[in-house]
Amino acid sequence: MSAPLLEVAGLAKHYPVKRGLILAKQIGTVRAVDGVSFTLQRGETLALVGESGCGKSTTARLVLRLIEPSAGEVRFEGRDITSLDRADLKAFRRRAQIVFQDPYASLNPRYTVGRTIAEPMEVHGVRDEASRRARVEELLRLVGLAPYHAERFPHEFSGGQRQRIGIARALAVEPDLVVCDEPVSALDVSIQAQVVNLLADLQKRLGLAYLFIAHDLAVVKHVADRIAVMYLGKIVEIAEKRALFANPCHPYTRALLAAIPHPDPRRRGQVTPLGGDVPSPLNPPPGCRFHTRCPFARDICREKEPALANGVACHLAEELPPAGLDFSGGLAPNAAKRLALYAKAAENA
């Protein structure tokens, strides 16, 4: 196998919590991301999934160095971007772009669509003015819009069209890596299908690698090659998509998949919901961070933090009983409808 495009090792982001205004005193640390490691190959899609607040979006921003890490390394083509100077960081950002979650807030309302898409090329000194105009028209066609849309403003478009504009902007400087931070969560189901299939088509055409942040398992099942499950700032399981849906190894992954409502009434009620709340990242529990909600927890889980070995961070991974549910087929009716829409949109593309 070739060298990974992206390597993340021991990545962490800690935020100090202070009390007081003048003589502020640090009273704790929020461990938003705490020792995350993974790799991403060229042309691959790795999905990060988990509950809100688990650190998915923070990880995405750390990978692009939009925020500075507290510890760890992010290597792009073998080079650690956390130590790059301003000029080299700018060159890296031409190779790695992001599509934001909110298509309404991520576009400047005072810029025309043409100026929005052309701006990255201007910032990075790519092409002359005439070539940029031609490239804008090319990108608009590529994402399913018309060249005349370049003269319009964002408020004249629907949510799905705005997200297409955001994708065109991300592709303007021909990146190798695109971070998709929940790119369809703010869109209607039918529009989600269009945008997801657009991303898949662009990946095939351009050989893009995606780091795909999501919480909708129907979307993840459609787009991902591998899935990394996060809980309270850590990756608890990482596996190839089919393997993870067919045989989830970590208790939290099982709970996450089992929480999807099943259309068969005979299958309902087979899984006991998790008890308790997610612990505070300001004061995570000792040992395994999931042990306070895990039905299988033992003394070792409360005392020793498990390492991520063979794709799962669990002391009891080899001892757990069979999952007992067909997660590969246990999607709710609305999720199954989404998958059908994705497949239909792909056929019509």
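**Exercise 1. At what angle do helix α3 and helix α4 pack, and how far apart are their axes?**

Keep in mind as you work that this is a predicted model.

*Solution.* Start by finding the two helices: α3 covers residues 113-123 and α4 covers residues 129-142. Next, compare their axes. The angle comes to about 120°, and the axes lie 9 Å apart. Finally, look at the handedness: this crossing of α3 and α4 is right-handed.

**Exercise 2. Which residues make the contact between α3 and α4, and how do they divide into nonpolar, polar and charged?**

*Solution.* Take one helix at a time. From α3 come Val-113, Gly-114, Ile-117, Ala-118, Met-121 and Glu-122. Across from them, α4 supplies Arg-132, Arg-135, Val-136, Leu-139 and Leu-140. Now sort the residues by type: you should find 7 nonpolar, 1 polar and 3 charged.

**Exercise 3. Which residues of α3 are buried, and what covers them?**

*Solution.* Use a cut-off of under 20% relative accessible area for "buried". Walking along α3, you will find that Val-113, Gly-114, Thr-116, Ile-117, Ala-118, Pro-120 and Met-121 are buried. Then look for their neighbours: the cover includes α4 and also α5 (159-171). While you are here, glance just past the helix. Gly-125 follows α3 and has a positive phi, near 65°.

**Exercise 4. What is the strand order in the open sheet of 4 strands, and which strands are at its edges?**

*Solution.* Trace the sheet from one side to the other, and you get β2-β1-β4-β5, with antiparallel pairing. To pick out the edges, look for strands that pair on one side only: these are β2 (25-40) and β5 (79-80). Now step inside the sheet, to β1 (residues 6-19) and β4 (residues 71-76). Those two strands pair in the antiparallel sense over 5 bridges. To fix the register, note that Ala-9 stands opposite Glu-73 in β4.

**Exercise 5. Across which strands does helix α1 lie?**

*Solution.* Find α1 at residues 56-63 and see what is beneath: the helix lies across β1, β2 and β4. Then compare directions, and α1 turns out to run at about 115° to β1.

**Exercise 6. How many helices and strands does the protein have, and what percentage of its residues count as buried?**

*Solution.* Counting elements gives 11 helices and 10 strands. Of the 349 residues, 49% count as buried. For the surface, the accessible area comes to about 17100 Å², with 50% belonging to carbon and sulfur atoms. Last, consider contacts between residues at least 6 apart in sequence: 68% of them join residues at least 24 apart.

Terms used
Residues numbered from 1 in each chain as written. Predicted model: local features only at pLDDT ≥ 70, side-chain atom pairs only at ≥ 80, totals over all residues. Heavy atoms only, no water. Axes fitted to C-alpha atoms, helices over the stretch in contact; angles between N-to-C directions. Left-handed = near helix turned anticlockwise from the far one by under 90°. Contact = heavy atoms within 4.5 Å. Nonpolar A, V, L, I, M, F, W, Y, C, P; charged D, E, K, R; others polar. Buried < 20%, exposed > 50% of the residue type's maximum accessible area, 1.4 Å probe, protein only. Areas by Shrake-Rupley, 256 points an atom, 1.4 Å probe, with all protein chains shown as cover. Pairing = 2+ DSSP bridges.
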